[in-house]
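Visitor: Hi! I'm new to this one and would love a quick tour. Can you put it up on the screen?
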Amino acid sequence: MKTLRYSPEHLTSNRRLFWIAAALGIIMMAPVAWIIGLSFKDNAELLRGTEAVFSLPYTLVNYTNILKSSSVFGWFMNSMIVAVGQTFGVLLLSSLAGYAFARLEFPFRKTLFIIVLFGLAVPEQAVIIARHQMFNWFDLHNTHIGLILPNLSSAFGVFLMTQFFRAIPKEIDEAAMLDNASTFRIFWKVLLPLTLPAQATLGIFTFLQAWNDYWWPLISATKADMYTLTIGIASSQTNFAQSEGLGFLGAQAVFASLPVVIVYIFFQRHIVTAVSGGAVK
Amino acid sequence: MAESYRRSRWSNGLFVVPYLSVFLTLLVFPLGWGIWLSLNKVDLFGGERFIGLKNYARVLSDPIFGQAVKNTVIFVGVSVPTLVILGLFLALALNKTTKGSSFLRGVFFASSILSVTIVTLIWRIVFIPNDGLMSLIFNYFGWQPIGFLSTQGWSLFSVGVATVWWCIGLPMMLFLAALQQIPKDLYEAAALDNATRWRVLTRITLPSIKSTIMLVAVIQVVMQFQLFGQAQLMTNGGPAGSSRPIVMYIYEVGFLRWDIGMGAAASQILFLIILCAAMLQYWISTRKEEADA
């Protein structure tokens, strides 16, 4: 009987590495703690020196100022409309296309799928100038629909949904076929409900992307009342620190991140599946 | 009946029509139109005049573009290895089922969900002279404070710090997913052989996730070449253009100077650079694998 010097678990885990990672985690969180601290401080007090963060008193005045300031709230609503609209659009288009690519036969199916996959390789920069011109022709700048449309063309959703539909056992639609169900009925009543977890994954991922989108809203939404929250916050950064004060800026950052942080806390597992699953497979 | 479901039919293709029409109008057409624009002198109020490759010549001979390419290459060259090595380290350290590990995984991934404006807002307030977190720390230790965002040499570095902070979650998660797919019996066999941790890491773990390391590197090269928001918002490309990346050059030429033809040419050049970089990396990795085999 041979005795083991090391167990298999011992070989792959290392306490020292864990503590180094924990220390890095503290460095990782420090900037966020700093901003949250500032957001609860009176701006006049911060002007005399930001060490004030480490001592009482704290105040909610920056947050009440945000709720009073009409523009931040309007930007928030714009972001909501764009992100929700884009999410539903992507889910609808990707589910329909993913179903057909994965389960049905039609002429040029393989060719079309390969062309769509090539779409994954096109970065936004390569198309953004032409897109900007096209949206000019149709007067779509500074509209919600103009902010929603471009990302509906992303091939990622189609790619992901095709994978998910392929994973459903073939017997399920074969059973439905025997009941004389139409192709659309099989899709809508039988298969779509089975993809709900996948819908959640893709939906959350799309929502986050839309909420955080920067370049397209920057050039398309040029009127202040059509800004999304991302662009609005960027615009208040340009006259940094002088006008509103660090506390107010900090509170803006916290307020703007609340929706994604809430989504993250509740759906962390889905988000991780979406970002890593899509890439590994 | 079942036969007709499986048969190839034009009507089945209707399911892909909605997506394909969006795909064609908003991706394929603008891609072609963008290439066409890059070959034209474009007036803002309609009218293009074909001038061949002159826009490309103008971009390539523009010293500002040259500087932007240099900045971007340096940025990619430093940030991508940092993200790969740090991501791999975190994945190795946190590949456990304990509560502490899962909490830390959540911490390191959390920053990836923030928007670029929030990330830059946070880091600007960390880096501002006199009042920033960095100045407080420097003062505490009695060091001379640095104007991180306004000093040549430091500005691009600061943008890089914010970027690594923002992007580290994805490499870590991809490496974790790969580590969990390594068969357990490999480690049991290593334990029987009384292998050391270092040998296990270099002979089993790293070779098993080689393709993921490559994947992460390619994803990050493609992403980091597109650096834009962080630089624009933190340093506005300054001082003296020392942190201006290629995408910011495209933005300035195309949307601030409204030289659409030249902007389109610059964006096609970037597209080409990204494509080549990704393919080069892929080629190197496959060649190495063949050499190993």
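Visitor: Thanks! What percentage of the residues in chain A are buried?
Guide: Of the 281 residues in chain A, 42% are buried. Keep in mind as we go that this is a predicted model.

Visitor: Okay. How many helices and strands does chain A have?
Guide: Chain A comes to 15 helices and zero strands. Looking at contacts in chain A between residues at least 6 apart in sequence, 77% join residues at least 24 apart.

Visitor: Since it's predicted, what ipTM and pTM does the complex get?
Guide: The predictor gives the complex an ipTM of 0.84 and a pTM of 0.87.

Visitor: And what's the average pLDDT in chain B?
Guide: Chain B averages 87, and 95% of its residues score at least 70.

Visitor: Where in chain B is confidence lowest, and where is it highest?
Guide: The lowest is helix H1 of chain B, residues 2-6, with a mean of 59. The highest is helix H4 of chain B, residues 63-94, at 95.

Visitor: Let's talk about the two chains together. How many residues does each put into the contact?
Guide: Chain B brings 85 residues and chain A brings 84. On the chain B side, helix H2 of chain B (residues 17-38) gives the most, with twelve residues.

Visitor: What classes of residue are on that chain B side?
Guide: The side of chain B that touches chain A has 60 nonpolar, 16 polar and nine charged residues.

Visitor: Can we zoom in on a helix pair across the chains? How do H2(A) and H4(B) cross?
Guide: Helix H2 of chain A covers residues 15-39, and its axis comes within 8 Å of the axis of H4(B), crossing at roughly 125°. That angle makes H2(A) oblique to H4(B). H2(A) passes H4(B) in a left-handed crossing.

Visitor: Which residues make that contact?
Guide: From H2(A) there are Leu17(A), Phe18(A), Ile20(A) and Ala21(A), and from H4(B) there are Leu90(B), Leu92(B), Ala93(B) and Leu94(B). By class, the contact of H2(A) with H4(B) has eight nonpolar, no polar and no charged residues.

Visitor: Now a pair inside chain A. At what angle do H9(A) and H12(A) pack?
Guide: The angle is about 165°, with the axes of helix H9 (residues 156-167) and helix H12 (residues 196-212) of chain A 10 Å apart.

Visitor: Why call H9(A) and H12(A) roughly antiparallel?
Guide: Because angles over 145 degrees count as roughly antiparallel, and H9(A) and H12(A) pack at about 165°. H9(A) passes H12(A) in a right-handed crossing.

Visitor: Which residues meet there?
Guide: Gly157(A), Leu160(A), Met161(A) and Phe164(A) of H9(A) meet Ala198(A), Leu202(A) and Thr206(A) of H12(A). The contact of H9(A) with H12(A) has five nonpolar, two polar and no charged residues.

Visitor: Back to chain B. How many residues of H14(B) are buried?
Guide: Eight of its eleven residues are buried, so to speak mostly covered. Among them are Ile246(B), Met248(B), Tyr249(B) and Val253(B). Just after H14(B), Trp258(B) takes a positive phi of about 55°.

Visitor: What about the loop between H13 and H14 of chain B: is Ala240(B) buried or exposed?
Guide: Ala240(B) is exposed, with 10 other C-beta atoms within 10 Å. Its phi is near 55°, a positive value in a residue other than glycine.

Visitor: And what is the phi of Asn236(B)?
Guide: The phi of Asn236(B) is near 50°, also positive. Asn236(B) sits in the loop between H13 and H14 of chain B, and counts as partly exposed with 15 C-beta neighbours inside 10 Å.

Technical notes
Residues numbered from 1 in each chain as written. Chains lettered and ligands numbered in written order. Predicted model: local features only at pLDDT ≥ 70, side-chain atom pairs only at ≥ 80, totals over all residues. Helix = DSSP H or I, 4+ residues; strand = E, 2+ residues; numbered from the N terminus. Buried ≥ 20, exposed ≤ 12 C-beta atoms within 10 Å, placed from the backbone. Contact = placed C-beta atoms within 7 Å. Nonpolar A, V, L, I, M, F, W, Y, C, P; charged D, E, K, R; others polar. Axes fitted to C-alpha atoms, helices over the stretch in contact; angles between N-to-C directions. Left-handed = near helix turned anticlockwise from the far one by under 90°. pLDDT = per-residue confidence, 0-100. Parallel < 35°, antiparallel > 145°, perpendicular 65-115°, else oblique.
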